[in-house]
Amino acid sequence: MKETLPQPVVSFGKRILNGYPSLVMASLREARNFNMAYAKDSAKGAVQLEARMVYFTHQIEKGLSHQQFRYGFGKKPLKNLSVVMAKYCKVETNYVQKTPYISAMATIGEYIRRHEGRQRDLQYVYSLFSPTVLKETQNIAHVEGGSLIFSGREKTSNAKLTFQQLNERRHSIREFANTPITYQELLPAIEMAMRTPSVCNRQPTRVHVILNKELIAKALKIQGGFNGYPVPPALLLLTADNRVFMAPQEHNEGYTDGGLFGMNLLLALEEQGIAACPLNTMFRRGPEKATRRLLSIPSNEVLVMYIAVGHFPEECATCVSRRLSAKDIVTVIE
């Protein structure tokens with residue numbers, strides 16, 4: 001039929017069959033599959049419980065890595081973590097050897113050590129975890145979870161590192177030096193990230209460089225995941241322009257290409273000796289509309305991620321953020 005019918009008729013047919021109805025059906029399938037799988041409050045599977053454990057552990061790690069440490073912080077994530085760990089121990093027989101559980105235990109152990117001599121603050125922790133668990137937390141190496149301290153001077157030779165060294169030593173930094181950072185300082189890293197592959201080289205990623213402190217503060221208040229930290233010197237917003245895509249089945253491609261670009265940019269910033277922290281932009285409708293309005297982001301661009309950037313401070317504090325090993329995630333198909 002494509003060869004016999006006039007081209008305008010063929011094009012119209014494609015729009016009807018593969019256009020908006022196809023997008024709606026794809027979205028419904030994705031919504032159904034996601035709803036069945038994600039780690040909701042009532043989740044009982046080991047993988048979902050591990051995800052929730054990692055999430056609550058990371059919340060506590062961030063509190064431990066604050067330069068202005070606040071004693072007694074984190075009551076809600078500590079309680080959530082205790083509940084999830086108890087559930088996890090019932091469904092995973094080998095829990096003591098699992099990275100998420102070990103990381104959680106190490107983080108609780110650091111929390112307790114940081115509160116030594118402040119028994120009043122620790123009473124809440126003692127009420128959540130059994131004496132056996134609390135004793136075991138003290139026997140896990142600090143490198144498994146909690147906070148990490150290093151000198152900003154270590155980053156001055158980043159350009160000389162191998163890729164493996166650069167990748168292994170990169171950490172998300174949330175508190176920066178007080179000195180401003182300029183667009184000219186950021187541009188070399190952005191230029192390097194332009195080598196990122198994209199579908200058919202269509203390069204959908206757009207980079208919005210925000211240097212206005214007031215705008216940054218307002219944007220991060222909407223974002224909500226940077227509360228408690230000083231306003232960073234600069235904020236990058238990565239988006240993907242849907243105008244470069246050519247078929248309904250590509251409607252999520254911008255997130256893939258934008259994510260690839262984001263990781264390349266993070267490593268490029270690290271190579272340039274610039275500190276950075278990626279922040280998600282998975283907003284509900286209200287925060288998304290407010291963000292678009294604040295930063296003048298057109299509707300044809302989807303929000304991929306923020307990256308907070310600045311210079312490394314003299315002393316850097318960050319989360320250990322223990323990673324799984326490759327064997328934990330690889331399936332070999334022969």
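# Group meeting: salt bridges, rings and one helix

Let's start with a charged pair. E270 and K155 join side chains in a salt bridge, 2.7 Å from N to O. This pair ties together distant parts of the chain. E270 is in helix α11, residues 253–271. K155 is in the loop between β1 (147–151) and α8 (163–169). They stand 115 residues apart. Buried or exposed, E270 and K155? Both are buried.

One caveat before I go on. This is a predicted model. Please hear every number in that light.

Now the overall picture. The chain has 334 residues, and 42% of them count as buried. The secondary structure comes to 12 helices and 6 strands. Along the principal axes, the C-alpha trace spans about 80 × 50 × 45 Å. Now take the contacts between residues at least 6 apart in sequence. Of these, 80% join residues at least 24 apart.

Back to the charges. How many salt bridges does a search of the whole structure find? It finds 10. You have met one of them, E270 with K155.

Here is another. D241 and R206 meet through their side chains at 3.7 Å, N to O. Again the link is between distant parts of the chain: D241 is in strand β3 (residues 234–241), R206 in strand β2 (residues 205–210). The separation is 35 residues. The two ends differ in exposure. D241 has 2% relative accessibility, so it counts as buried. R206 is partly exposed, because its relative accessible area is 28%. And this bridge has company: salt bridges with shared partners join R206, D241 and R243 into one network.

A third salt bridge pairs D121 with R118. Their closest N and O atoms are 2.9 Å apart. D121 has a relative accessible area of 19%, so it is buried. That is under the 20% cut-off for buried. R118, at 38%, is partly exposed.

E144 also comes out at 19%, so it too is buried. Where does E144 sit? In the loop between α7 (131–137) and β1. Its side chain makes a polar contact with the side chain of R322, at 2.6 Å. Leave out residues up to four places away in sequence, and E144 touches I102, S103, A106, V320 and R322.

Next, the rings. The structure holds 7 aromatic pairs. One of them is F34 with Y38, and this pair is stacked. The centres are 5.2 Å apart, with 5 degrees between the planes. F34 has 55% relative accessibility, so it counts as exposed. Y38 is partly exposed, at 35%. Contrast F69 and F73. Stacked or edge-to-face? They are edge-to-face, with 5.7 Å between centres and 85 degrees between planes. F73 is buried, because its relative accessible area is 5%. Both F69 and F73 belong to a cluster: ring pairs link F69, Y71, F73 and Y111.

Some rings also carry a charge over the face. The charged end of K40 sits over the ring of Y38, 4.6 Å from the centre. So Y38 has K40 over its ring and is partly exposed as well. K75 lies over the face of Y124, at 5.6 Å from the ring centre.

Last stop, helix α10, residues 213–223. Which residues of α10 are buried? I216, A219, L220 and Q223. Why do they share one side of the helix? Because they cover an arc of only 95 degrees around the axis, which puts them on the same side of α10. The face turned away from that buried side carries E214 and K221, which are exposed. What covers the buried residues of α10? The list includes β2, β3, β4 (274–280), α12 (285–295) and β5 (301–311). Two of those names are familiar: β2 holds R206 and β3 holds D241.

Now the ends of α10. At the start, a side-chain oxygen of N212 reaches to within 2.9 Å of the backbone nitrogen of E214. So E214 appears twice here: it takes part in that approach, and it lies on the exposed face. Just after the helix, G224 takes a positive phi of about 85 degrees.

To recap, the search gives 10 salt bridges, and there are 7 aromatic pairs. The R206, D241 and R243 network and the F69, Y71, F73 and Y111 cluster are on the slide above. Questions, please.

Technical notes: Residues are numbered from 1 along each chain as its sequence is written. This is a predicted model: local features need pLDDT of at least 70, side-chain atom pairs count only at pLDDT 80 or more; totals for chains, interfaces and linings use all residues. Side-chain values use heavy atoms; hydrogens and water are left out. Rings of Phe, Tyr and Trp (its six-membered ring) pair if their centres lie within 6.5 Å; planes under 30 degrees apart count as stacked, over 60 as edge-to-face and the rest as tilted. Buried means under 20% relative accessible area, exposed over 50%, partly exposed in between (1.4 Å probe, protein chains only). A charge sits over a ring if NZ of Lys or CZ of Arg is within 6 Å of the ring centre and within 35 degrees of the ring normal. A salt bridge is a side-chain nitrogen of Lys or Arg within 4 Å of a carboxyl oxygen of Asp or Glu. Helices (H or I, at least four residues) and strands (E, at least two) are DSSP runs, numbered from the N terminus. The arc is that of the directions from the helix axis to the C-beta atoms. Contact means heavy atoms within 4.5 Å. A polar contact is a pair of N or O atoms within 3.5 Å; within protein, one must be able to donate a hydrogen and the other to accept it, and residues adjacent in sequence count only if both atoms are side-chain atoms.
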